[in-house]
There are 2 protein chains.
Amino acid sequence: MERTKISELPERIGEKVRISGWLETIRNQKTMQFLIIKDGTGSVQAVHYKPSDPELAAAISSLTCNSALTIHGTIVENKAVKAGGLEIQIGELEILNLAKGQLPFSGDASQPIRLDWRFIDLWSEQNQTIFKIQTFAEQAMREFWQQEGFIEIHSPKLMSSASESAAELFKLDYFGSGAFLAQSPQFFKQMAMAARFGKIFEVGDVFRADPSFTSHHATEFTSIDMEISFIKSHEDVMDLEERWLNYVIGRIAEVYGKTIRELFQTEVTVPTIPFPRITMEKAQRLLKSLGHVPSADTKPGDIDRESEKILSEWTKKEYGHEFVFVTEYPASIRPFYHMRLAENPEITKSFDLLWKGLEVTTGAQREHRPEILRRQIAEKGLSAEALKWYVDFFEYGCPPHGGLGFGLARMMMLLLGFKNIKDVTYLFRGPNRLSP
Amino acid sequence: MERTKISELPERIGEKVRISGWLETIRNQKTMQFLIIKDGTGSVQAVHYKPSDPELAAAISSLTCNSALTIHGTIVENKAVKAGGLEIQIGELEILNLAKGQLPFSGDASQPIRLDWRFIDLWSEQNQTIFKIQTFAEQAMREFWQQEGFIEIHSPKLMSSASESAAELFKLDYFGSGAFLAQSPQFFKQMAMAARFGKIFEVGDVFRADPSFTSHHATEFTSIDMEISFIKSHEDVMDLEERWLNYVIGRIAEVYGKTIRELFQTEVTVPTIPFPRITMEKAQRLLKSLGHVPSADTKPGDIDRESEKILSEWTKKEYGHEFVFVTEYPASIRPFYHMRLAENPEITKSFDLLWKGLEVTTGAQREHRPEILRRQIAEKGLSAEALKWYVDFFEYGCPPHGGLGFGLARMMMLLLGFKNIKDVTYLFRGPNRLSP
């Protein structure tokens, strides 16, 4: 017999069905046994009149909560049952997996303990819903890319040389030579532009070996990347990102807006186009005028975490917008491959995107002119020899291009109003966490 | 001015447009200059009458083939032009990136040289089309998963213990302790079943440290994985896989069948359901009856590469089918987590899928009963302690489940009739290749 989802039972009153799921609670009375079964689509009460089948009654009595089971039975109306006004009269029981009687942690356990037992932690309705929404969010992203003719790439995560600072890279032995784990698909998505792919996206894992312990960093995370050719400036990249976010968040609001409001107490606001944009120079002046003194370890020309929050608050007040692009970062704090302004080589054609007070994207027009790239490599003290293979990409007619990256977990965290990416990551990886 | 795609030029006759692309060829005559420009959507002739603008004429003369450029000009009808019966009269030229005059390899270069310069190798129409079809194939897969309510997961590639033999694993230092790179998402997709996700898929990179030099192995590749709960046996997993392949190949045939026939000389055959299935025992008897002697290094109870080819040929002749499931592999050559037949613990509830003579999938029902899992771990000589965290998944009501994996590159190779996965991989990684 085909399995019936619990959500479909109201259409099956009077019929024999097979349901499979997990035992939520059990009440063993003198003559009656009451079970609540969940299957991810809903829950249902299952009943058994003990004297009618003592052997079945004994099997039911042996059950522990959370056990996986299949019940064959008849659906009957019962107005007294709160959940759905129906119940299933148990005809036959298959115990698929008898759970240990005691869960390894209690409801108020700390996050580290819950992450140790992540597979149990994920049982909650909130956690199940996070990954349904994430699945849908990625589907919405792909609808956008498909409509716009993007090509999907899967770039290798094992590489022979560092794309930026080797300090942030995991190193491993690769058949006798050394390899790095990619900290971003940067070089390889640019290669797609040299390969004349035009517009590409990638959804893939990246790895960061720097020991970050903030609420919004992970050692391994899913990075969403885009790169497009024949742009005029980084403005084209920002135009792309805001159209993409407008579409993706729009689709999420449409399908999951109500769920997110009810289950996560968070309003999904579809961002209007264009997003506010502010140059770094103006942002610095604004922060100063608001009396903000950057933290001592802030690099000259950069903004600190607190500044990101202040800028987002200001944008919210000034423009009613959750997003703000901070543009034209100083070259001193940007990688060598960011293009500089023609009129001022101290300033890059780059941007960060802030959302609700947190940086979610770094993007830029890339430098595609080999002679200028070589100069910028030298200026940053990097090895021309180690990067020759990369500079080669630009020697054979690679068009002007740019792109951006967006961490999937940061998106989910901000979308659903969480404070920590651990809450929205399937299995978090950090300096102190490599298992399960 | 908005960029116009070359494919759209026939609708713009008489109008001023801006096109961007690459210089394919140039003919510099006494008074006329003729350029062929490609942009990925088509090619067009661009013309300039030298005396009308000597400065422009000089700029055009300086061009090298493959340079990236933008042309502003007027589209005029010209019946004499083979490609499209139109041309663009150049008004203005922007040289975006002047290519080196000479490509680093010639048309008949060997594959290693072409892979060294993969970004140029990818310019060909065939190669561009491979990645368009791959993008579409993945989209079709997702249509299927979406219709069936699958959840997407992104499992970590950094893990603390080996899922199978540690010999195949890359090892690295992880903040002072040791980590492995996942050779498959096996444990983590099973965790999703323990987490009550029901049906999941993952598209992600996996890593294999064994030095394989065949035409169908890679050190890093994109693995497509599925796992489903509440199955009755491995037959349910095969049912899933054949419905999935029927849908995906059906969509590809619909949209790209003609292109694949013309450009790759390969017919896309939509596989009918059900796929032929043959037990390993019957396959062995069949191979013997066909006079095949397995190669000396074949493990007892297994089949060799040649056998896979013979079985596929036999299935093609007998059933007119490109696919065949070989089922019920001996436990001796399967991992510890494959479930065994209730009536014969020497035999697993597992399968391989062969397509056109090559293994493309290993799948199975998994053992979800902790006490049997522990016995099988001991039997394989693995460490109960190192795998405790994994066995824990099954202590709290994890339902019966099973799944499969499919390498993306193998799919593309067989679909398009290539002999080597290097031909269909964006950037191949093998024991001798870590760059670019």
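Biologist: Which residues of H11(B) are buried?

Modeller: This is a predicted model. A residue counts as buried when its relative accessible area is under 20%. In H11(B), the residues that meet this are Leu408(B), Ala409(B), Arg410(B), Met411(B), Met412(B), Met413(B), Leu414(B), Leu415(B) and Leu416(B).

Biologist: Why is helix H11 of chain B largely enclosed by the rest of the structure?

Modeller: Helix H11 of chain B covers residues 408-416. Its buried residues pack against helices H4 (125-147) and H6 (234-264) and against strands S11 (220-229), S16 (350-355), S17 (358-365) and S18 (401-407) of chain B. The helix is largely enclosed because its buried residues number 9 of the 9.

Biologist: Which residue follows H11(B), and what is its phi?

Modeller: The residue after H11(B) is Gly417(B). Its phi is positive, near 75 degrees.

Biologist: How do helices H6 and H11 of chain A pack, and is H6(A) parallel or oblique to H11(A)?

Modeller: Two packed helices are described by the angle between their axes and the distance between the axes. For helix H6 (residues 234-264) and helix H11 (residues 408-416) of chain A, the angle is about 50 degrees and the axes are 10 Å apart. That angle makes H6(A), relative to H11(A), oblique.

Biologist: Is the crossing of H6(A) and H11(A) left-handed or right-handed, and which classes of residue make the contact?

Modeller: The crossing of H6(A) and H11(A) is right-handed. From H6(A), Trp244(A), Leu245(A), Ile252(A), Ile260(A) and Phe264(A) meet Met411(A), Leu415(A) and Leu416(A) of H11(A). By class, this contact of H6(A) with H11(A) has no polar residues, no charged residues and 8 nonpolar residues.

Biologist: Where does the cover over the buried residues of H5(A) come from?

Modeller: In helix H5 (residues 186-194) of chain A, 9 of the 9 residues are buried, so the helix is largely enclosed by the rest of the structure. Among these buried residues are Phe187(A), Phe188(A) and Lys189(A). The cover includes strands S7 (158-159), S10 (199-207), S11 (220-229) and S18 (401-407) and helix H10 (388-391) of chain A, together with helix H3 (118-121) of chain B.

Biologist: What relation links chain A and chain B?

Modeller: Two copies of a chain are related by a rotation about an axis and a shift along it. Here a turn of 180 degrees with a shift of 0.0 Å along the axis lays chain A on chain B with an RMSD of 0.0 Å. The relation is therefore that of a two-fold axis.

Biologist: Which residue of chain A comes closest to the rotation axis?

Modeller: The distance is taken at the C-alpha, and the closest approach is 2.6 Å. The residue of chain A at that distance is Leu172(A).

Technical notes. Residues numbered from 1 in each chain as written. Chains lettered and ligands numbered in written order. Predicted model: local features only at pLDDT ≥ 70, side-chain atom pairs only at ≥ 80, totals over all residues. Heavy atoms only, no water. Buried < 20%, exposed > 50% of the residue type's maximum accessible area, 1.4 Å probe, protein only. Helix = DSSP H or I, 4+ residues; strand = E, 2+ residues; numbered from the N terminus. Contact = heavy atoms within 4.5 Å. Least-squares fit on C-alpha atoms with pLDDT ≥ 70 in both. Axes fitted to C-alpha atoms, helices over the stretch in contact; angles between N-to-C directions. Parallel < 35°, antiparallel > 145°, perpendicular 65-115°, else oblique. Left-handed = near helix turned anticlockwise from the far one by under 90°. Nonpolar A, V, L, I, M, F, W, Y, C, P; charged D, E, K, R; others polar.
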